[in-house]
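The following exercises concern strand pairing and burial. Please examine the structure before reading the solutions.

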Amino acid sequence: MKFSFNGKIKKTMLVVPLLAMTVFPCLTGAEGVSNQELAKPASVSDDTYKATEIGKYGVEPELLDSKTFIDPHITGTDRAIILDVMKDIPAEERTNVVYIRDDGEIFANKPELLKQWSNAEQIGENLFKTKEGQTITAPKQTCDLTQSFSTQNVSCAPSDGPYRKVQSNTGYSWFSGYVYLPSQNKGQMHDENKPGGNGDTAHIYTGGIAANEVDAGFFHQPTNDNWAMFVRQNGYSRGLVFESGQNVFMKFYVPTSDRVALYAAGSIVGSSQKDCTVVRDVKGWNTSGYNQSIKRSTTIASTGSPHSGSFINGVHWYNSYIGTSSTNNSPWTTSSQTAGYCNVPSSQVTASFINPGEETVNIRVR
């Protein structure tokens, strides 16, 4: 993909099909302003300015008047594509938006986001290499996609490292909740996803199961002790980096048929911005929740090095809600909402359980 920036052509990286920053003000809430309000000279009438902007960017009036903001350097087809994505997500979650198309091409509403999100190259089973040269061990996906959805049960198959998973019954397409991202500098965790390390990589994520399985959340980067956003489905995409040692808010949902979205809010490394939304094409997902279940997981994906000593403590999940939309959801607190739980292997995973949406997870690789 190409975009124009100060008269020059920039390119995103080549995408391997398998599948934080100079920013602009948030355009939501009482302080939000629309794009034309930021730039319109006082001497120019609203009607004249609107006509000029429509001619320049090909944006329809109703979109110009919305709380959608797209940097003026995003033009032409790229602008039209990201506008189409942004209309389906809540206005308050449009500050930083990234879209990963089914073919892996990445679009965004700001040029700097295109530098921060990329697709990793698959170099082995559940092994991926980023454009920066970082090797990530991804969790082996464990859900049984062959079973009947009318009798959906949680699958606790062995993975490439210990994990804790809670999975909902079918009928859901929306999840929100908070989770604590532990810090190695505070002695709360240790993994080896760094040069000279054994590759063990801690992941904290949500997602779900439909005709396919989606993982979406954070993986740990021990070199600088932070957590990067990721989406895994038909490849592995990584993006904005969040600080460790904080509680973050996550929301995973289906904005429209055949797309999923992850919204994350918290302190972002090197930025005053506080959130990001990544949308990904995924065939077969629907807004009604039919034949779909939601999950949340904590894992240390391991390369198999014996007695590695990797661990993670204090992953506190809380205030979890599930449903089909922001107006149709309820607290995730009952067994009637839940298909089951996994501690795999049980000797390496403990969970201080309160209810399906709240618990504290500790894991140690042995």
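Two exercises with worked solutions follow, based on a predicted model.

**Exercise 1.** Determine which strands pair with strand β13 and how the chain connects them.

*Solution.*
Step 1. Locate the strand: β13 spans residues 213-221.
Step 2. Examine the partner that comprises residues 201-209, strand β12. Seven bridges join β12 to β13, and the two run antiparallel. Within this pair, G207 is positioned opposite D215 of β13. The connection is a hairpin through three residues.
Step 3. Turn to strand β14, residues 226-232. It is likewise antiparallel to β13, with seven bridges between them. Here F218 faces M229 of β14 as its opposite residue.
Step 4. Inspect the hairpin of β13 and β14, which places four residues between the strands. In this hairpin D225 adopts a positive phi near 50°.
Step 5. Assess the covering of β13: nine of its nine residues are buried, and the strand is thus described as mostly covered.

**Exercise 2.** Decide whether S297 is buried or exposed, and list what S297 touches.

*Solution.*
Step 1. Place the residue: S297 belongs to strand β19, which covers residues 293-301.
Step 2. Apply the cut-off: a residue is buried when its relative accessible area is under 20%. S297 has a relative accessible area of 3%, and therefore S297 is buried.
Step 3. Collect the contacts, not counting residues up to four places away in sequence: S297 touches R164, K165, H203, I204, Y205 and W317.

Notes
Residues are numbered from 1 along each chain as its sequence is written. This is a predicted model: local features need pLDDT of at least 70, side-chain atom pairs count only at pLDDT 80 or more; totals for chains, interfaces and linings use all residues. Side-chain values use heavy atoms; hydrogens and water are left out. Buried means under 20% relative accessible area, exposed over 50%, partly exposed in between (1.4 Å probe, protein chains only). Two strands pair if DSSP finds at least two bridges between them. Contact means heavy atoms within 4.5 Å.
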